[in-house]
Amino acid sequence: MSTDETPPSRAGRARRDKRADVRRNEQKLLDAAAAVFVRAGIDAPVREIAAESGLGMGTIYRHFPTRADLVVAVFRHQLDALAAVADLPPAADTPDEVLRLWVHRFADFLVTKHGLAEALHSDQAGFEALHAEFVERLLPVLDQLLKASAAAGRTRADVRAYDFMLAIGNLCIGVETFPDYQARRMIDLLLAGLLQPAPAPTTGGDLT
């Protein structure tokens, strides 16, 4: 029985399939860990991440031997997703809604960042480098979203991206202090303050 595929080519395809499977599992783990960190903090039990991902704890430890490895990987995973918004085609949502959704995801990202220093322990230089990277990559994205929303007449045009990023960060700090603190509610109040007032309705016809 003949075949067009030689054993070496089958082995190569098997290796590619295995690598793809490993990447898929890693993405599932990072998505699950990010969700758990937002919900329960970076000290959440590994078994909770395993349950969220549907993968075994052994798989988690093979990918990320230490909690610091996992926290840094989640940080970079979230950072990549937030930065990728700049390369996506225009969404069907209005520009202010796109801005709101991005800001909510950014707030979730800050939960991981707040735990990053603790996870890295004494690696202050490593933490500062990651912090500088996130500002460098995300500030232009936020600036782009703010300008798009302002150009559409949805939000004010006098808001600096850096000021707005600092405001979001400050609103997220309370999560670590107050158990019932709802950062997203506070952020929505901030976003509401950016909205342009709706134009006054015009009267139909001349009454004079």
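**Exercise 1. Surroundings of S53**

Task: In this predicted model, determine which residues S53 touches, not counting residues up to four places away in sequence, and whether S53 is buried or exposed.

Solution.
Step 1. Locate the residue: S53 lies in helix α2.
Step 2. List the contacts. Beyond the excluded sequence neighbours, S53 touches K28, L29 and A32.
Step 3. Assign the burial class. A residue counts as buried under 20% relative accessible area. S53 has a relative accessible area of 7%, and is therefore buried.

**Exercise 2. Two residues distant in sequence**

Task: State how far apart L146 and D96 are in sequence and in space, and describe the surroundings of L146 and of D96.

Solution.
Step 1. Place both residues. L146 belongs to helix α6, and D96 belongs to helix α5.
Step 2. Give the separations. L146 and D96 are 50 residues apart in sequence, while their C-alpha atoms are 8.0 Å apart in space.
Step 3. Classify their burial. L146 has 5% relative accessibility, so L146 counts as buried. D96 counts as buried because its relative accessibility is 16%, a value to be set against the limit of under 20%.
Step 4. Compile the contacts, leaving aside neighbours within four places in sequence. L146 is in contact with L99, T155, V159, R160, A161, F164 and L194. D96 touches S149, R154, T155 and L195.

**Exercise 3. The packing of α4 and α5**

Task: Determine how α4 and α5 are oriented relative to each other, and which residues make the contact.

Solution.
Step 1. Take the geometry. The axes of α4 and α5 are 9 Å apart, and the packing angle is about 155 degrees.
Step 2. Apply the cut-off. Angles over 145 degrees count as roughly antiparallel, and α4 is therefore roughly antiparallel to α5.
Step 3. Add the handedness: α4 and α5 cross in a left-handed sense.
Step 4. Identify the residues. From α4, the contact involves A68, V71, V72, V74, F75, Q78, L79, A81 and L82; from α5, W102, R105, F106, D108, F109, T112, K113, L116, A119 and L120 take part.
Step 5. Sort them by character. The contact of α4 with α5 comprises 14 nonpolar, 2 polar and 3 charged residues.

**Exercise 4. The packing of α7 and α8**

Task: Describe the orientation of α7 and α8 and the character of the residues in their contact.

Solution.
Step 1. Take the geometry. Helix α7 (residues 161-173) and helix α8 (residues 183-194) have axes that come within 9 Å and cross at roughly 150 degrees.
Step 2. Draw the conclusion: α7 is therefore roughly antiparallel to α8.
Step 3. Add the handedness: the crossing of α7 and α8 is right-handed.
Step 4. Identify the residues. In α7, F164, A167, I168, L171 and C172 meet A183, M186, I187, L190, L191 and L194 of α8.
Step 5. Sort them by character. This contact of α7 with α8 has 11 nonpolar residues, no polar and no charged ones.

**Exercise 5. The largest nonpolar core**

Task: Find which residues of the largest nonpolar core touch the most other members, and which helix supplies the largest share.

Solution.
Step 1. Name the central members. The largest nonpolar core has 53 residues, of which W102, F106, F109, F134 and L138 touch the most other members.
Step 2. Trace the contributors. At least two residues come from each of α1 (7-40), α2 (46-53), α4 (67-83), α5 (95-120), α6 (124-151), α7 and α8.
Step 3. Find the largest share: α5 supplies it, with 11 residues.
Step 4. Examine one member. Beyond its neighbours within four places in sequence, L138 is in contact with L79, L82, A83, W102, F106, F109 and M165.

How values were computed
Residues are numbered from 1 along each chain as its sequence is written. This is a predicted model: local features need pLDDT of at least 70, side-chain atom pairs count only at pLDDT 80 or more; totals for chains, interfaces and linings use all residues. Side-chain values use heavy atoms; hydrogens and water are left out. Axes are lines fitted to C-alpha atoms, for helices over the stretch in contact, and angles run from 0 to 180 degrees between N-to-C directions. Helices (H or I, at least four residues) and strands (E, at least two) are DSSP runs, numbered from the N terminus. Angles under 35 degrees count as roughly parallel, over 145 as roughly antiparallel, 65 to 115 as roughly perpendicular and the rest as oblique. A crossing is left-handed if the near helix is turned anticlockwise from the far one by less than a right angle, and right-handed if clockwise. Contact means heavy atoms within 4.5 Å. Ala, Val, Leu, Ile, Met, Phe, Trp, Tyr, Cys and Pro count as nonpolar, Asp, Glu, Lys and Arg as charged, and the others, Gly among them, as polar. A nonpolar core is a set of buried Ala, Val, Leu, Ile, Met, Phe, Trp, Tyr and Cys residues joined through side-chain atoms within 4.5 Å. Buried means under 20% relative accessible area, exposed over 50%, partly exposed in between (1.4 Å probe, protein chains only).
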